[in-house]
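User: Here is a model I would like to go through in questions and answers. Please keep the replies short.

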Amino acid sequence: MNIRIGNGYDIHQLVTERPLILGGIEIAHEMGLLGHSDADVLTHAMMDAMLGALSLGDIGHYFPPTDPKWAGADSIVLLSQVNQLIHTHGFSIGNIDSVIVAERPKLKPHLKAMRDRLSSTLELQPDQISIKATTNEKLGPVGREEGIAAYAVALLVGR
């Protein structure tokens with residue numbers, strides 16, 4: 001069996017007058033994440049984990065922030081494109097494990113909706129996607145509520 005593991009990480013700054021998008025879900029909050037696309041750190045970390053597992057670089061290689069084409073892009077659309085690339089290389093996702101690090105808002109009520117949206121996009125069963133949420137115990141930029149970060153690990157299986 002040919003299996004590959006990749007990890008991903010992303011962090012974006014919190015700012016006013018931007019929607020907060022995590023896992024493809026808009027979450028009510030007074031601040032959102034700043035970025036060239038919708039700045040969905042969870043989806044970005046997952047994409048980087050998937051690409052990293054096959055040594056295909058990172059999302060900046062495929063969707064550069066210098067290209068106006070990707071301004072305001074929906075990360076769920078980008079995730080679908082990365083998934084197709086993975087399939088083109090003869091692999092499928094075994095599972096993805098992830099964690100979002102944020103002081104606020106409380107994310108537990110939104111985890112199922114995120115998981116459902118991501119598993120549907122990736123054509124997976126919901127139990128193939130794990131999303132956890134934690135705080136940074138008020139330490140560092142995430143702890144000071146300057147940003148939100150996410151980590152992901154993807155297991156890919158050769159077909």
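User: How many bridges join strand S5 to strand S6, and do they run parallel or antiparallel?

Analyst: This is a predicted model. S5 covers residues 91–101 and S6 covers residues 129–134. Ile96 stands opposite Ile129 in S6. The two strands run parallel, and the bridges that join them number 6.

User: Through which helix does the chain cross from S5 to S6, and is the crossover right-handed or left-handed?

Analyst: The path from S5 to S6 goes through H4, residues 111–121. This makes a β-α-β crossover, and its hand is right-handed.

User: What span should helix H3 have, and how far apart are its end C-alpha atoms?

Analyst: H3 has 14 residues, 75–88. At 1.5 Å a residue they should span 20 Å. The end C-alpha atoms agree with that, at 20 Å apart.

User: Within what arc do the buried residues of H3 fall?

Analyst: The buried residues of H3 are Ser75, Ile76, Leu78, Leu79, Val82, Asn83 and Ile86. In an α-helix, residues three or four places apart point the same way, because a turn has 3.6 residues. Seen down the axis of H3, the buried residues line one face of the helix, since they fall within an arc of 155 degrees.

User: What covers the buried residues of H3?

Analyst: Both helices and strands take part. The cover includes H1 (41–53), S5, H4 and S7 (147–158).

User: Which residue has a side-chain oxygen close to the backbone nitrogen of Ile76, and which residue follows H3?

Analyst: At the start of H3, the side-chain oxygen within 2.9 Å of the Ile76 backbone nitrogen belongs to Asp74. After H3 comes a residue with positive phi, near 85 degrees: Gly90.

User: Is Leu34 buried, partly exposed or exposed?

Analyst: Leu34 sits in the loop between S4 (32–33) and H1. Its relative accessible area is 40%. Buried needs under 20% and exposed over 50%. Leu34 is therefore partly exposed.

User: How far apart in space are Leu34 and Val15?

Analyst: Leu34 touches Val15, along with His12, Gln13, Arg18 and Ala39. In sequence, Leu34 and Val15 are 19 residues apart. From C-alpha to C-alpha, the distance is 6.2 Å.

User: Is His12 buried or exposed?

Analyst: His12 lies in S1, residues 3–15. Its contacts include Leu33, Val41, His44 and Ile148. The relative accessibility is 16%, so His12 counts as buried.

User: Which side chain makes a polar contact with that of His12?

Analyst: The contact is 3.0 Å long. The partner of His12 is Asp10.

How values were computed
Residues numbered from 1 in each chain as written. Predicted model: local features only at pLDDT ≥ 70, side-chain atom pairs only at ≥ 80, totals over all residues. Heavy atoms only, no water. Pairing = 2+ DSSP bridges. Helix = DSSP H or I, 4+ residues; strand = E, 2+ residues; numbered from the N terminus. Right-handed = clockwise from strand over helix to strand, strands pointing away. Expected span 1.5 Å × (residues − 1). Buried < 20%, exposed > 50% of the residue type's maximum accessible area, 1.4 Å probe, protein only. Arc of directions from axis to C-beta. Contact = heavy atoms within 4.5 Å. Polar contact = N/O pair within 3.5 Å; in protein donor to acceptor, adjacent residues only side chain to side chain.
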